[in-house]
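User: I am new to this structure and would like a close look at a single part of it, with enough of the surroundings to see how that part fits in. Please take your time and connect the pieces as you go.

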Amino acid sequence: MSNLNIKRAVDNIRSGTSVYTPITEVVVNAIQAIEEKDNSDGLVEIRAKRVKQTKLDDSAPEINGFTVVDNGVGFTDEQRESFDTLYTAHKIQEGGKGFGRFICLKYYEDVDYVSTYHKGGSFYSRSFSMGKEKEIIVDENIRPSHEISTGTTVTLSNPIKIFPEKSLPQIARRLVEKLLPYFISEKGCPKVVLAEQDGSDAIILNEYLGSGADAVMMFQS
């Protein structure tokens, strides 16, 4: 069980991050969970949440958060223990530093997890939120699940600052820039889809790349 000053840990994240870093962190975790499951039909869905429309014009409402859904291995006991440890070595082979989850709290007020995982021949549901005081995991609930597949949903809600973009294509471009190493990896990447909360206007980020060096140059410009 964790016992630390989470606010201080978040405040110590000084530079090298942006409003896109939490989304990237969650998507990378989703990709790794799919790889751990060895799922050939891996899918990561990023759903944009918007504030309720109050304007009379046709402009898009502001972004109020994101939901990231994957069909990976789920939040197992091992992953839960790793998540609850400040400097975890669980994903060190993948280049993880064990600190990324705190970046979510730097940019979003609320970070919530719901996951289905497999243990001992049965499926279980684990839900919790990220704490903001001394405990990393709060309001945890574990119960048997009627689901027949594993996966995790992470919800980032209530941005601390106004999200700079409203357009899904603009957001897609920025995310591909951040996730480019995964999309051009020789071992391949699960399908990553950005869409509105209801699934409309879907953009497959993998297909934004084009091919060869021209695509790399485009996202470096």
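Analyst: Strands here are DSSP runs of at least two residues marked E, numbered from the N terminus, and two strands pair if DSSP finds at least two bridges between them. With that in hand, the part to look at is the hairpin that β4 and β5 form, with six residues between the two strands. Everything that follows describes a predicted model.

The two strands of the hairpin, β4 with residues 122–130 and β5 with residues 137–144, run antiparallel and are joined by six bridges. One of the pairings can be named residue by residue, since methionine 130 has isoleucine 137 in β5 as its bridge partner. In general terms, strands of a sheet pair through backbone hydrogen bonds, in either a parallel or an antiparallel way.

The hairpin does not stand alone, for β4 also pairs with β3 in the antiparallel sense, this time over eight bridges. Within that pairing, serine 115 finds its bridge partner in arginine 126 of β4. Stepping back, the sheet is an open one of eight strands with mixed pairing, in the order β5-β4-β3-β6-β2-β1-β7-β8. Because β5 and β8 (203–204) stand at the edges and each has a single partner strand, one side of each is left without a neighbour in the sheet. As a general point, side chains in a regular strand alternate between the two faces of the sheet.

The strands belong to a protein that has six helices and eight strands, and along the sequence these follow the pattern α-α-β-β-α-α-β-β-β-β-α-β-β-α. Of its 221 residues, 43% count as buried.

From the hairpin, the aromatic residues offer a way to reach other parts of the model, which holds nine aromatic pairs. In one of them, the rings of phenylalanine 66 and phenylalanine 163 have centres 5.3 Å apart and planes at 65°, so the pair is edge-to-face. Phenylalanine 66 lies in strand β2 (residues 63–70), while phenylalanine 163 lies in the loop between β6 (151–159) and α5 (168–183), so the pair ties together parts that are 97 residues apart in sequence. Phenylalanine 66 and phenylalanine 163 are both buried.

Another edge-to-face pair is made by phenylalanine 75 and tyrosine 113, with 5.7 Å centre to centre and 70° between the planes. Since phenylalanine 75 is in the loop between β2 and α3 (77–83) and tyrosine 113 is in strand β3 (residues 108–119), the pair ties together parts that are 38 residues apart in sequence. Phenylalanine 75 and tyrosine 113 are each buried as well. These two residues join Phe83 and Phe128 in one aromatic cluster, and the cluster brings the account back to the hairpin, as β4 spans residues 122–130.

Phenylalanine 163 turns up once more, at an enclosed space in the model. There is one cavity of 30 Å³ or more, and the largest cavity holds about 40 Å³ of space. Its lining is made up of Val19, Tyr107, Tyr108, Pro159, Lys161 and Phe163, which divide into five nonpolar residues, no polar ones and one charged.

Key:
Residues numbered from 1 in each chain as written. Predicted model: local features only at pLDDT ≥ 70, side-chain atom pairs only at ≥ 80, totals over all residues. Heavy atoms only, no water. Helix = DSSP H or I, 4+ residues; strand = E, 2+ residues; numbered from the N terminus. Phe/Tyr/Trp six-rings, centres within 6.5 Å; stacked < 30°, edge-to-face > 60°. Buried < 20%, exposed > 50% of the residue type's maximum accessible area, 1.4 Å probe, protein only. 1 Å grid on protein atoms, 1.4 Å probe; cavity = no way out; pocket = protein on both sides within 12 Å on 5 of 7 lines; lining within 4 Å. Points joined across faces, edges and corners; volume = space filled by probe spheres on them. Nonpolar A, V, L, I, M, F, W, Y, C, P; charged D, E, K, R; others polar.
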